[in-house]
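Good morning, everyone, and thank you for making the time. Please take a look at the sequence and the structure on the screen, and then I will walk you through a few parts of it.

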Amino acid sequence: MENYSREMEGKRAHDPLFNIELKKMNKSSQRCVCVPGPVIVGAGPSGLAAAACLKERGVPSIILERSNCIASLWQLKTYDRLRLHLPKQFCELPLMPFPSSFPTYPSKQEFIGYLEDYAKKFDLMPTFSQTVSHAAYDETIGLWRVRSVGLKEETTEYVCRWLIVATGENAEAVLPEIEGMKEFEIGGMIKHTSSYKSGDEFAGKRVLVVGCGNSGMEVCLDLCNFNARPSVVVRDTVHVLPREMLGRSTFGLSMWLLKWLPMRLVDRLLLLMSRLMLGDTARLGLDRPKLGPLELKNLSGKTPVLDVGTLAKIKSGDIKICPSIRRLKRHTVEFVDGRMENFDAIILATGYKSNVPSWLKEREMFSEKDGLPRRPFPNGWKGESGLYAVGFTKRGLLGASMDAKRIAEDIERCWKADAKHLTAFPRSLLPQS
Ligand SMILES: Cc1cc2nc3c(=O)[nH]c(=O)nc-3n(C[C@H](O)[C@H](O)[C@H](O)COP(=O)(O)OP(=O)(O)OC[C@H]3O[C@@H](n4cnc5c(N)ncnc54)[C@H](O)[C@@H]3O)c2cc1C
C-alpha cells in the first residue's frame, strides 16, 4: 500500500497527463446536496422575503447567492445618493416594517441596514459566492437539479422539490453597442450606472448620460451637484411626474385614487397636476408618451420618472438634452441630427435585464426573450413542478412582497399535506414497485 502511494505520488509529480486526468476528475466530481425544502436563487430583497415567509410557516429553505453579500444590487451596484424612489410603506418586506425613525424615503444605507436586520431577525444565512449556472427539472425523479459554481470553479448540485427564482429583473446591466465605442475610450471613459458611485470624479468634466429613466435623471442631478457639466440623451418619450403632489407621494396618491376612479381618469389628474407643477415638459425636449403614466406602466412596465430636482436643472440649462447618438469618435459624440460635441465621459443609464434564460432550462414559465414570467401580473409567480418566481412583477418591492407571501403559502400547503415530507425525498429516489 505504501509502495502504491509512493508510486502514485511519483506519477503525479512527473506525468503531466496524470495531472490533467486528475484535474478533469476533480472538475467532474461535484458535490451533491439533497435539500428537503425549497432552493432559492438570489439573496436580494425578493429571495430574503421568500425565505422569511417560508420560515414563518415552518418551511426551511436554502438561498444561493452569486456575490458575497445580501442585496448585492443595492450594496455593490448603486450610486451613493440613492434613496428609495417610493415612500417606505410601499417598500417594506413582509413581517417586518421599517423602523419609525426612518425618513419617508430611506437612503440606500438605511435600506441595506434594514435588509441586514431582516436577515438577522429570520436567521437567514445565504450560501454566498455560488453562481447558479444550470437548473432543470428531472422528470425521472420528479425533482429539480440546481447546479452552482463556486469561487474555485467547484460545482455543487442541489436536488430539491421546489425551486424559487429570485435573481431579479436587474441581474445584468444592459450595455448598448454604439459605433465607435473603442475609439471614444482611447481618450474618455464609458461606464454603466451600475459602476457609477458619485459625480466626485467628474468635477469640471463634460459628461453625456445615455438614458432618461429614474437612474439617468438622478445621475445628471448628482453630476450637477459635483460641478460636472452633464447632458442627457433622450431617445424616447418619457413621463416626468413630481415625486409629491398635494402633500402626498405621487405613488401613494395614485394608489388611493385608483380605489375609486378608473385608471385613465387618474392618469388625467396626474398629468394635470404635473402640468401645473412642472410646466410643459415637451418644451424642454421631454415629450410625453400617448398613454398616461399608470396605463403605460401597467401595459409595458415602463416606470415614470419621479422628479427629485433634475427638471429644475434642465430648465436652468445646467443639464442639456441631446438626441440619439449616431456614432462616437475620439473625445467626440456625433448625434443623429448631425451635431458633434466633445465629451470626457459617457454614462450608460441603459438599465438592466433578467438573466434567467442563461441558467434555467425551462420554457413554459419564463420567456426566453426577456427572462420574465410569461403570465402577466398577478399570475406570474407560479409555474409547473414546484417552480416559483419572486420579484418579477415590474412592481418593485411591493410586488416582490406579494409574491413571497403567495409562494410561502403555496409551498406550506404541500409541505404540510405531505406529512411524511422528510421521507419524501429518499422515497422518490427508490425504484417504484
Ligand atoms: C437604482 C435602483 C433603484 C430602485 N429603487 C427602488 C425603490 O425605491 N422601490 C422599489 O420598490 N424598487 C426599487 N428598485 C427596483 C429593485 O429592483 C428592487 O428594489 C429590488 O432590488 C429587487 O429585488 P430582487 O431581490 O428581486 O432583485 P435583486 O436586488 O437584483 O437581487 C437579486 C440577487 O440575485 C443574485 N443573482 C443573480 N443571478 C444569480 C445566479 N445565477 N446565481 C446566484 N445568484 C444570482 C444577484 O447577485 C442579487 O443579489 C430599484 C432598482 C434600482 C436599480
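Before the first helix, I need one definition: the expected span of a helix is 1.5 Å times one less than its number of residues. Please also keep in mind that what you see is a predicted model.

With that in hand, let us turn to helix α3, residues 45-56, whose twelve residues should span 16 Å at 1.5 Å a residue, and the end C-alpha atoms are indeed 16 Å apart, so the two values agree. Is this helix mostly covered or mostly open? It is mostly covered, since ten of the twelve residues of α3 are buried, and among them are Pro45, Gly47, Cys53 and Leu54.

Next, the surface, where Leu272, Leu276 and Met277 form a nonpolar patch whose accessible area comes to about 320 Å² together. Methionine 277 belongs to helix α9, which covers residues 263-278, and because its relative accessibility is 41%, methionine 277 counts as partly exposed, given that this class lies between the buried limit of under 20% and the exposed limit of over 50%.

Finally, the sheet. Strands of a sheet pair through backbone hydrogen bonds, either parallel or antiparallel. Here three strands make an open sheet in the order β17-β18-β19, with antiparallel pairing; β17 (325-329) and β19 (340-342) are the edge strands, each pairing on one side only, and the twist from one strand to the next averages 25°. Strand β18, residues 332-335, is joined to β19 by three bridges, and valine 333 stands opposite glutamate 341 in β19.

Definitions and conventions
Residues are numbered from 1 along each chain as its sequence is written. This is a predicted model: local features need pLDDT of at least 70, side-chain atom pairs count only at pLDDT 80 or more; totals for chains, interfaces and linings use all residues. Side-chain values use heavy atoms; hydrogens and water are left out. Two strands pair if DSSP finds at least two bridges between them. Helices (H or I, at least four residues) and strands (E, at least two) are DSSP runs, numbered from the N terminus. Axes are lines fitted to C-alpha atoms, for helices over the stretch in contact, and angles run from 0 to 180 degrees between N-to-C directions. Patches are made of residues with over 30% relative accessible area and no salt bridge: like charges are joined within 9 Å, nonpolar side chains (Val, Leu, Ile, Met, Phe, Trp, Tyr) within 5 Å. Accessible areas come from the Shrake-Rupley method with a 1.4 Å probe; for residues, only the protein chains shown count as cover. A salt bridge is a side-chain nitrogen of Lys or Arg within 4 Å of a carboxyl oxygen of Asp or Glu. Buried means under 20% relative accessible area, exposed over 50%, partly exposed in between (1.4 Å probe, protein chains only).
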